[in-house]
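Me: I am new to this structure and would love a close look at a single part of it. Could you walk me through what is there, step by step?

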Amino acid sequence: LIRRSSTGLVTASAVECGRCQYPLLKVPVVSITLEDGQVIDEGTCSVCGSKYDATTGAARPSEGGGNPLVAPLLRNKPQADIPTFDTKELDDGRVFVQINPRSSS
């Protein structure tokens with residue numbers, strides 16, 4: 001999944017949710033401000049309600065949302081980070097993605 005963040009950077013991540021594996025193709029992404037003043041783009045899975053930092057793929061705390069019939073059952077599954085990939089945008093607008101996920105360290 002390739003998208004432009006609120007800061008203008010091109011980011012790439014895996015498509016599936018880290019908890020329920022549902023594709024995150026049409027997930028709404030909103031900019032939120034954390035307690036430390038950092039602004040991040042956050043996406044929420046429409047099926048299980050898991051939240052992610054859309055730029056880094058890091059799992060975020062989530063306590064609700066998603067499909068009201070399915071989400072309560074899926075909340076017992078562990079929530080994993082979404083793999084992200086390095087990108088490079090050229091001056092002419094072409095975007096290249098390194099297909100090996102970033103290491104988590």
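Reply: Happy to! Let us begin at Val95, which sits in strand β9, covering residues 95-97. Keep in mind that this is a predicted model. Val95 has a relative accessible area of 33%, and because partly exposed covers values between 20% and 50%, Val95 counts as partly exposed. Val95 also takes part in a surface feature: together with Ile2 and Val97, Val95 makes a nonpolar patch of about 210 Å².

From the patch we can move on to a sheet. Strand β1 spans residues 2-4, and β1 belongs to an open sheet of 3 strands, in the order β1-β2-β7, with antiparallel pairing. The edges of this sheet are β1 and β7 (84-85), and each has a single partner strand, so one side of each is left without a neighbour in the sheet. Between β1 and strand β2 (residues 10-13), which run antiparallel, there are 3 bridges. For one residue to find on screen, try Arg3, whose bridge partner in β2 is Thr11.

One more stop is Ala59, found in strand β6 (residues 59-60). Ala59 is partly exposed too, with a relative accessibility of 30%. Leaving aside residues up to four places away in sequence, Ala59 touches Lys51, Tyr52, Gln79, Ala80 and Asp81. Take Ala80 from that list: Ala80 and Ala59 are 21 residues apart along the chain, and their C-alpha atoms are separated by 6.3 Å.

How values were computed: Residues numbered from 1 in each chain as written. Predicted model: local features only at pLDDT ≥ 70, side-chain atom pairs only at ≥ 80, totals over all residues. Heavy atoms only, no water. Patch = residues over 30% accessible without salt bridge, like charges linked within 9 Å, V, L, I, M, F, W, Y side chains within 5 Å. Areas by Shrake-Rupley, 256 points an atom, 1.4 Å probe, with all protein chains shown as cover. Salt bridge = Lys/Arg side-chain N within 4 Å of Asp/Glu carboxyl O. Helix = DSSP H or I, 4+ residues; strand = E, 2+ residues; numbered from the N terminus. Buried < 20%, exposed > 50% of the residue type's maximum accessible area, 1.4 Å probe, protein only. Pairing = 2+ DSSP bridges. Contact = heavy atoms within 4.5 Å.
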